[in-house]
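Biologist: I am new to this structure and should be grateful for a close look at one part of it. Could you begin with a loop that has an unusual peptide bond, and then place it among its surroundings?

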Amino acid sequence: MKSTPESDPLFELAVEAVQFALPLYEMARMRSATCPRTDAAGRLAGSGPEAPQRWANQWLHVRELLGPQHRRVVTPNNDTLYSNAWLDLSAGPVVIRVPAMQTRYYVLGLLDMYTNPFDCIGTRTTGNDAGAFLLHGPGWQGAVPDGMRAVACPTDTVWIIGRILVDGEADLAEAVQLQDRFVIEPAPGSGAMAPCRIDAAVHPNERLGDPVRFAEVVNAVLAGNPPPRAEAQAVAAFARVGIGAGCAGKPPGPEVNEALERAIAHVTKTLSGAPALALGGGWALPVDVRESFGTDYGKRAQVALNYIGALGIDEAMYITADFDSSEACLDGRFTYVVHFPAEHGPQVDAFWSLTAYEKETCMLAKNAIDRYSLGDRTRGLRRDADASLRIAISAVEPADPVLLANWLPAPAGRFYLALRLYAPRTPHLAGQFAYPPVVRQAD
């Protein structure tokens with residue numbers, strides 16, 4: 001009689017291995033999707049557009065605020081311009097140069113190959129002056145040049161996701177000029193190149209499922225980005241199910257294949273529906289991490305599957321609502337109000353915004369007033385006589401003139417909300433902030 005998954009030691013080990021390795025697979029897929037195929041001169045990194053080669057140590061900038069016409073990034077941020085770069089530090093350190101930002105908020109979020117948001121360069125952490133930052137891998141030893149700040153990276157592969165605050169379309173050109181002044185260059189005396197060719201070894205449209213392919217991709221990543229020494233012994237046990245740098249080029253046998261295949265299906269099904277931290281009133285916190293997930297491989301895998309690229313909560317918190325205060329699904333046919341009492345609005349050192357997204361697509365929906373987020377920079381908001389702020393969320397414009405001024409258009413059907421808090425203050429970080437309930441109004 002065949003053992004059940006719950007009593008199968010090989011399956012249980014495969015589940016642990018998949019939870020550990022899934023972020024590596026997703027990062028490899030994201031690197032293939034977001035790392036440039038061509039350099040500034042238009043040269044392809046590989047033999048053709050479909051080749052797996054990419055250019056690392058090179059910026060790729062988005063020049064528009066994301067709106068309903070952009071359908072590639074789910075739950076898009078409508079407040080900032082994005083800048084993206086993948087670093088290869090295996091040949092030596094690179095230098096990131098940033099211009100003076102004056103009073104503009106920006107952040108260059110740094111993720112290691114295990115999806116840990118280990119550090120940030122930006123307004124909150126390093127200030128808004130021009131600066132030069134030497135990023136080096138875990139094996140590098142050397143002197144940091146004068147005038148540079150060292151940033152130690154846990155892995156030789158690093159994903160930079162940059163965000164520059166834009167105050168509407170009139171501010172866009174100036175923000176784009178700042179993007180152009182971001183520089184990646186080899187550190188003095190380094191063997192690094194900028195840009196440099198890498199083999200992404202995976203196509204962006206690949207999906208989890210094939211255990212042989214999963215092991216191939218993960219093992220190649222592990223060879224260049226080994227786990228911390230403290231975790232090496234535990235990770236070594238995964239070799240029994242074909243996961244480990246030493247397993248590269250050794251296809252797993254039929255029994256291991258079957259265990260890995262079941263484990264991949266089990267992990268993805270379990271973690272795709274994992275609940276977020278409930279905050280009351282319909283709100284939840286789906287990502288709660290600072291610099292590292294540590295050895296919480298399940299939580300790390302869940303975030304990799306659903307929210308890959310998220311900043312640590314010290315830099316940004318993403319508070320979401322799929323339901324109203326009565327636990328009914330949000331639906332644009334109805335009107336909802338979020339009421340911030342006077343002096344009790346979101347407490348941030350940078351900015352906050354509220355955005356509504358189609359539930360089915362996780363995208364923005366076109367609306368009549370072209371308003372896709374509302375927050376502390378929105379002009380024309382009206383407060384009540386007691387200085388409180390009521391925000392109306394609905395597909396149809398409100399009749400109340402105050403709510404009309406404070407209207408966030410919602411998709412016509414099922415939708416969800418995202419409240420973004422950049423540089424949140426202690427009440428949010430400590431879980432002490434009382435989020436106002438999402439209240440459905442009487443018909």
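**A loop and its surroundings**

Modeller: Proline 195 is found in the loop that lies between strand 10 and strand 11, the latter covering residues 196–199. The model is a predicted one. The bond between alanine 194 and proline 195 is a cis peptide bond, with omega at about 0 degrees. As background, most peptide bonds are trans, and most residues other than glycine have a negative phi. The backbone departs from the second of these habits at asparagine 57, which is not a glycine and yet has a positive phi of about 60 degrees. Asparagine 57 belongs to the loop between strand 1 (53–56) and strand 2.

As to confidence, the pLDDT averages 93 over the chain, and 99% of the residues score at least 70. Residues 1–5 have a pLDDT below 50, and this stretch makes five contacts in the model beyond near neighbours in sequence.

From the loop of proline 195 one may step back to the sheet that contains strand 10. Four strands build this open sheet, in the order 8-7-4-10, and their pairing is mixed. Strand 8 (149–152) and strand 10 (183–186) are its edge strands; each has a single partner, so one side of each is left without a neighbour in the sheet. From one strand to the next, the twist averages 30 degrees. Within this sheet, strand 7 (residues 131–136) and strand 8 run parallel and are joined by four bridges. One of the pairings sets leucine 134 against alanine 150, its bridge partner in strand 8. In general, the strands of a sheet pair through backbone hydrogen bonds, in either a parallel or an antiparallel sense.

The loop of asparagine 57 leads to another sheet, the one that contains strand 2. That open sheet has five strands in the order 2-3-9-5-6, and the pairing is antiparallel. Strand 2 (60–61) and strand 6 (119–122) stand at its edges with a single partner strand each, so each has one side without a neighbour in the sheet. Strand 5 (residues 106–112) pairs with strand 6 in the antiparallel sense over four bridges. Leucine 110 has aspartate 119 of strand 6 as its bridge partner, while valine 107 stands opposite glycine 122 in strand 6. The hairpin of strand 5 and strand 6 has six residues between the strands, and threonine 115 takes a positive phi near 75 degrees there.

Helices lie across this antiparallel sheet. Helix 1 lies across strand 2, strand 3 (80–88), strand 5 and strand 9 (157–165), and runs at about 115 degrees to strand 3. Helix 3 (residues 172–179) lies across strand 2, strand 3 and strand 9, running at about 10 degrees to strand 3.

Helix 1 also packs against other helices. With helix 4 (residues 211–224) it forms an angle of about 85 degrees, the axes being 9 Å apart. Helix 1 is therefore roughly perpendicular to helix 4. In this contact, Val18, Phe20, Ala21, Leu22, Leu24, Tyr25 and Ala28 of helix 1 meet Phe214, Val217, Val218, Val221 and Leu222 of helix 4. By class, these residues divide into twelve nonpolar, no polar and no charged.

The axis of helix 1 (residues 9–34) comes within 8 Å of the axis of helix 7 (residues 297–307), and the two cross at roughly 30 degrees. An angle under 35 degrees counts as roughly parallel, and helix 1 and helix 7 are therefore roughly parallel to each other. The crossing of helix 1 past helix 7 is left-handed. Helix 1 contributes Gln19, Phe20, Leu22, Pro23 and Glu26 to the contact, and helix 7 contributes Tyr297, Gly298, Arg300, Ala301, Ala304 and Leu305. Sorted by class, the contact of helix 1 with helix 7 has seven nonpolar, two polar and two charged residues.

Helix 7 has a further contact, with helix 6 (residues 254–272): their axes come within 9 Å and cross at roughly 80 degrees. Helix 6 and helix 7 are therefore roughly perpendicular to each other. Thr268, Leu271 and Ser272 of helix 6 meet Gly298, Ala301, Gln302, Leu305 and Asn306 of helix 7. The residues of this contact divide into three nonpolar, five polar and no charged.

Note on methods. Residues numbered from 1 in each chain as written. Predicted model: local features only at pLDDT ≥ 70, side-chain atom pairs only at ≥ 80, totals over all residues. Heavy atoms only, no water. Axes fitted to C-alpha atoms, helices over the stretch in contact; angles between N-to-C directions. Parallel < 35°, antiparallel > 145°, perpendicular 65-115°, else oblique. Left-handed = near helix turned anticlockwise from the far one by under 90°. Contact = heavy atoms within 4.5 Å. Nonpolar A, V, L, I, M, F, W, Y, C, P; charged D, E, K, R; others polar. Pairing = 2+ DSSP bridges. pLDDT = per-residue confidence, 0-100.
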